[in-house]
Amino acid sequence: MEYEHAIVKMNGDVANLLCNGCGLVIAEGKEHEDREHYCTLCMSGNCKAKFKKEP
Ligand SMILES: [Zn+2]
């Protein structure tokens, strides 16, 4: 499955769902709703980390 909004990255054999705001791993598995997902910190606006795009 390809995602347009959700960020799902493979980490070895495990797929992780990442926060769209900061890149924190929110959940494991590769089946997720294709929408933007945010961690609790980003949802509350208190996240100080910024998402870094890996090359
Ligand atoms: Zn976040």
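Is leucine 18 buried or exposed? Leucine 18 is buried, because its relative accessible area is 8%, and a residue counts as buried under 20%. The model in which this residue sits is a predicted one. Leucine 18 is a useful place to enter the structure, and the text returns to it after the overall layout.

The chain has 55 residues, and buried residues make up 24% of them. Its secondary structure comes to three strands and one helix, in the order β-β-β-α along the sequence. About 4500 Å² of the chain is exposed, with carbon and sulfur atoms supplying 50% of that area. Of the contacts between residues at least 6 apart in sequence, 34% join residues at least 24 apart.

The strands come next. Strand β1 covers residues 7-11 and runs antiparallel to β2, to which five bridges join it. Two residues lie between these strands in their hairpin, where glycine 12 has a positive phi near 70°. Strand β2, residues 14-18, also pairs with strand β3, residues 25-28, again in the antiparallel sense, here over three bridges. The hairpin of β2 and β3 has six residues between the strands, and glycine 23 in its turn takes a positive phi of about 90°.

β2 thus has pairing partners in both β1 and β3. Four of the five residues of β2 are buried, so the strand is largely enclosed by the rest of the structure.

Leucine 18 lies in β2 and shows both pairings at one position. Isoleucine 7 stands opposite leucine 18 on one strand, and valine 25 in β3 stands opposite leucine 18 on another. Setting aside neighbours within four places in sequence, leucine 18 is in contact with Ile7, Lys9, Gly23, Leu24, Val25, Ile26 and His37. Valine 8 is 10 residues from leucine 18 in sequence, and their C-alpha atoms are 6.1 Å apart.

Asparagine 16 is another residue of β2. Its relative accessible area is 9%, so asparagine 16 is buried. Not counting residues up to four places away in sequence, asparagine 16 touches Ile7, Val8, Lys9, Asn11, Val25, Ala27, Glu28 and Gly29. The bridge partners of β2 include two further pairs: leucine 17 stands opposite alanine 27 in β3, and alanine 15 is the bridge partner of methionine 10.

Methionine 10, which lies in β1, gives a contrast in accessibility. Its relative accessibility is 53%, so methionine 10 counts as exposed, the cut-off being over 50%. Methionine 10 and glycine 29 are 19 residues apart along the chain, and 9.1 Å separates their C-alpha atoms.

The remaining feature is the metal site. Which residues supply the protein donors of the zinc ion? They are Cys19, Cys22, Cys39 and Cys42, each through its SG atom, lying 2.3 Å from the ion. The pair cysteine 19 and cysteine 39 links distant parts of the chain: cysteine 19 is in the loop between β2 and β3, and cysteine 39, 20 residues apart from it, is in the loop between β3 and α1 (40-44). In sequence, the spacing of the donor residues is C-x2-C-x16-C-x2-C.

Why is the arrangement around the zinc ion tetrahedral? The four donor atoms subtend angles of 102 to 117° around the ion, which makes it tetrahedral, since four donors count as such if all angles lie between 85 and 135 degrees. For comparison, the ideal angle for four tetrahedral donors at a metal is 109.5 degrees.

Two of the donor residues, cysteine 19 and cysteine 39, are buried. For cysteine 39 the relative accessibility is 7%, so this residue falls in the buried class.

Cysteine 47 is not among the listed zinc donors. At 22% relative accessibility, cysteine 47 counts as partly exposed, because that class lies between the 20% and 50% limits. Why does cysteine 47 not form a bond with cysteine 42? The closest cysteine sulfur to that of cysteine 47 is in cysteine 42, at 3.6 Å, which is too far for a bond, because a disulfide requires a pair of cysteine sulfur atoms within 2.5 Å. The structure as a whole holds zero disulfides.

Conventions. Residues are numbered from 1 along each chain as its sequence is written. This is a predicted model: local features need pLDDT of at least 70, side-chain atom pairs count only at pLDDT 80 or more; totals for chains, interfaces and linings use all residues. Side-chain values use heavy atoms; hydrogens and water are left out. Buried means under 20% relative accessible area, exposed over 50%, partly exposed in between (1.4 Å probe, protein chains only). Contact means heavy atoms within 4.5 Å. Accessible areas come from the Shrake-Rupley method with a 1.4 Å probe; for residues, only the protein chains shown count as cover. Two strands pair if DSSP finds at least two bridges between them. Donors are N, O and S atoms within 2.8 Å of the metal (3.2 Å for Na, K and Ca); water is not among the atoms, so sites may look incomplete. Four donors count as tetrahedral if all angles lie between 85 and 135 degrees; four count as square planar and six as octahedral if opposite donors are over 155 degrees apart and all others between 65 and 115; anything else is irregular.
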